[in-house]
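Could you walk me through this model in my viewer, one selection at a time? I would like to know what to pick next and what is there.

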Amino acid sequence: MANITLKGNAIHTLGSLPEIGTKAANFSLKTVNLETKSLADFLGKKIILNIFPSIDTGTCAASVREFNKRAAQLENTVVLCVSKDLPFAQARFCGAEGIANVEMLSDFTTGNFGKTYELDITDGPLAYLHSRAVIIIDEKGTIAYAEQVSEIADEPNYEAALKVI
């Protein structure tokens, strides 16, 4: 169980993020068009998983904007922004913000992504949502980087994550 905070108050996750060097677990997530995407759809590219509780919070929106800006400069890399938000909310946000360089994916149907990657929050006001994390998967499907953001109100360490790319 990861110990994280929300505005200084302790909350917890299901477990720990996957270890660097291990194979990434498969996932099945919905796009804004309600299509299903899995890990296999992105293999052969570097994958940045930008994971967060909800697009309708300032920090979550900021991380999507920042990765959208940086994604345009990355070769053979896809940025997947994952939350439990409904695909309609994700599409609304991207349309209003002009977000076009990242792919929004939702875990709303089963929640299996959050469980498999052990990043679901287990207690506190954000229970059952995803914690804030960044995971990078290499072209062969191996975990190359994992950051569990210790204070959920903080943005991830973009520089450390992108250094792996």
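How many of the 14 residues of H1 are buried? Eleven of them are, so to speak, under cover: H1 is mostly covered. Keep in mind as you click along that this is a predicted model.

**Stop 1: helix H1**

Select residues 58-71, which make up helix H1. Put a distance label between the C-alpha atoms at its two ends and you should read 20 Å. That agrees with expectation, because 14 residues at 1.5 Å a residue should span 20 Å.

Now colour the buried residues of the helix: Thr59, Cys60, Ala61, Ala62, Ser63, Val64, Glu66, Phe67, Asn68, Arg70 and Ala71. What covers them? Among the elements that cover these buried residues of H1 are the strands S5 (46-51), S6 (77-83), S7 (103-106) and S8 (133-137). Helices H2 (87-97) and H4 (158-164) also belong to that cover.

**Stop 2: from H1 to H2, by salt bridges**

The model has six salt bridges. For one of them, show the side chains of glutamate 97 and arginine 65, which meet at 2.8 Å, N to O. This pair links distant parts of the chain, with glutamate 97 in helix H2 and arginine 65 in helix H1, 32 residues apart. Glutamate 97 counts as partly exposed at 36% relative accessibility, and arginine 65 is partly exposed too, with a relative accessible area of 37%.

Stay on H2 and select arginine 92 together with aspartate 56. Their closest N and O atoms are 3.1 Å apart, and the two form a salt bridge. Here too distant parts of the chain are linked: aspartate 56 is in the loop between S5 and H1, arginine 92 is in helix H2, and 36 residues separate them. Arginine 92 counts as partly exposed, at 47% relative accessibility.

**Stop 3: from H1 to H4**

Next, pick glutamate 159 and arginine 70, whose side chains meet in a salt bridge of 2.7 Å, N to O. Glutamate 159 lies in helix H4 and arginine 70 in helix H1, so this pair ties together parts that are 89 residues apart in sequence. At 49% relative accessibility, glutamate 159 counts as partly exposed. Add Glu66 and Lys69 to the selection: with Arg70 and Glu159 they are linked in a network of salt bridges.

**Stop 4: the aromatic pairs**

Time to switch to rings. A pair of aromatic rings is described by the distance of the centres and the angle of the planes. The count for this model comes to three aromatic pairs.

Start with phenylalanine 27 and phenylalanine 113: the ring centres are 5.8 Å apart and the planes lie at 85 degrees, so the pair is edge-to-face. Phenylalanine 27 sits in the loop between strand S2 (9-12) and strand S3 (28-30), and phenylalanine 113 in helix H3 (residues 112-116), so the pair ties together parts 86 residues apart in sequence. Phenylalanine 27 is buried at a relative accessible area of 3%, and phenylalanine 113 is buried at 2%.

Then select phenylalanine 67 and tyrosine 158, with centres 5.2 Å apart and planes at 75 degrees, so this pair is edge-to-face. Phenylalanine 67 is in helix H1 and tyrosine 158 in helix H4, 91 residues apart. Phenylalanine 67 is buried, with a relative accessible area of 1%, and tyrosine 158 is buried at 10%.

For a last view, select Phe27, Phe113 and Tyr117, which form one aromatic cluster.

Key
Residues numbered from 1 in each chain as written. Predicted model: local features only at pLDDT ≥ 70, side-chain atom pairs only at ≥ 80, totals over all residues. Heavy atoms only, no water. Helix = DSSP H or I, 4+ residues; strand = E, 2+ residues; numbered from the N terminus. Expected span 1.5 Å × (residues − 1). Buried < 20%, exposed > 50% of the residue type's maximum accessible area, 1.4 Å probe, protein only. Contact = heavy atoms within 4.5 Å. Phe/Tyr/Trp six-rings, centres within 6.5 Å; stacked < 30°, edge-to-face > 60°. Salt bridge = Lys/Arg side-chain N within 4 Å of Asp/Glu carboxyl O.
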